[in-house]
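Student: I would like a close look at a single part of this structure, rather than a quick tour of everything. Could you choose one part, place it in the whole, and then go through it slowly, residue by residue?

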Amino acid sequence: MFDDASKLLKRVLKLGALLVGVIALVGSLVGFMVAGVSGVLAALVGSLAAFMFMTLTVLSIFMGAKLQIGGFMGLVLGGWLLKMVLFILLFIYLNGADWLTSPARPIVFFTIVAAVISGLVLDTWIVSKARLSPSVKLP
């Protein structure tokens, strides 16, 4: 049982970091077998991007919980918009990156997809198992 919602968000961040680390390791191994060093870099960039997006989500919820409902919704929506813009900018950069060879390009994509899907499963699992006491203190 959680007495504080911020403990729940910290748990999401810790387990998410562990999950992204495992995905980075597996992606790096597959990337090295497929595209050499470029594949390893692609997997690490994809994992780092996924961790950054997950962290932005946790931060927006943590900061938004201190606001009234309109501020909360605005902050979370703003976080989603920021993540979309960063995602597009990342792929524009990666499209022109000389170090990212053609065989390594799918590694970035599948690393991000694996991290996002497994992150959603992790978030759902943690929130469904969480039990907040009636006197929960919001962050």
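Tutor: Helices and strands here are DSSP runs, a helix being a run of H or I with at least four residues and a strand a run of E with at least two, and they are numbered from the N terminus. Counted in this way, the protein has four helices and two strands, and along the sequence they follow the pattern β-α-α-α-α-β. This is a predicted model, in which local features need pLDDT of at least 70 and side-chain atom pairs count only at pLDDT 80 or more, while totals for chains, interfaces and linings use all residues. Residues are numbered from 1 along each chain as its sequence is written, and side-chain values use heavy atoms, with hydrogens and water left out.

Before we turn to one helix, it helps to have the whole in view. The C-alpha trace spans about 55 × 30 × 15 Å along its principal axes. Of the 139 residues in the protein, 36% are buried, where buried means under 20% relative accessible area, exposed means over 50%, and partly exposed lies in between, with a 1.4 Å probe and protein chains only. Contact means heavy atoms within 4.5 Å, and among the contacts with a separation of 6 or more, 75% join residues that are 24 or more positions apart.

The part I have chosen is helix H4, which takes in residues 105-129. The expected span of a helix is 1.5 Å times one less than its number of residues, so the 25 residues of H4 should span 36 Å, and the 37 Å between its end C-alpha atoms agrees with this. The buried residues of H4 are Ile107, Val108, Thr111, Ile112, Ala115, Ser118, Gly119, Leu122 and Ile126. A general point is useful for reading such a list: an α-helix has 3.6 residues a turn, so residues three or four places apart point the same way. The cover over the buried residues of H4 includes helix H1 (5-35), helix H2 (37-64) and helix H3 (69-95).

Let us take Leu122 from that list, which counts as buried because its relative accessibility is 14%. Leaving out residues up to four places away in sequence, Leu122 touches Val12, Leu15, Gly16 and Leu19. One of these partners, Leu19, is 103 residues from Leu122 in sequence, yet their C-alpha atoms are 8.6 Å apart in space. Another partner, Gly16, is in helix H1 and counts as buried because its relative accessibility is 0%. Beyond its neighbours within four places in sequence, Gly16 is in contact with Met54 as well as Leu122.

Ser118, also buried, touches Leu19 and Ile23 when residues up to four places away are not counted. A polar atom of the Ser118 side chain lies 3.3 Å from the backbone oxygen of Ala115. For such polar contacts, the rule is a pair of N or O atoms within 3.5 Å; within protein, one must be able to donate a hydrogen and the other to accept it, and residues adjacent in sequence count only if both atoms are side-chain atoms.

Thr111 leads us to helix H2, where Ser47 is placed. Apart from neighbours within four places in sequence, Ser47 is in contact with Val20, Ile23, Ala24 and Thr111, so Ile23 appears here again, having already been named as a residue that Ser118 touches. Ser47 is buried because its relative accessible area is 3%, and a polar atom of its side chain lies 3.5 Å from the backbone nitrogen of Ala24.

Helix H3 can be viewed from its own side too. Its buried residues are Val76, Gly79, Lys83, Leu90 and Leu94, and these pack against H2 and H4.

Lastly, consider a residue of H4 that is not covered in this way. Leu120 is found in H4, but Leu120 is exposed because its relative accessible area is 53%. The C-alpha atoms of Leu120 and Val40 are 24 Å apart, with their positions 80 residues apart in sequence. Within the one helix, then, Leu122 is buried at 14%, whereas Leu120 is exposed at 53%.
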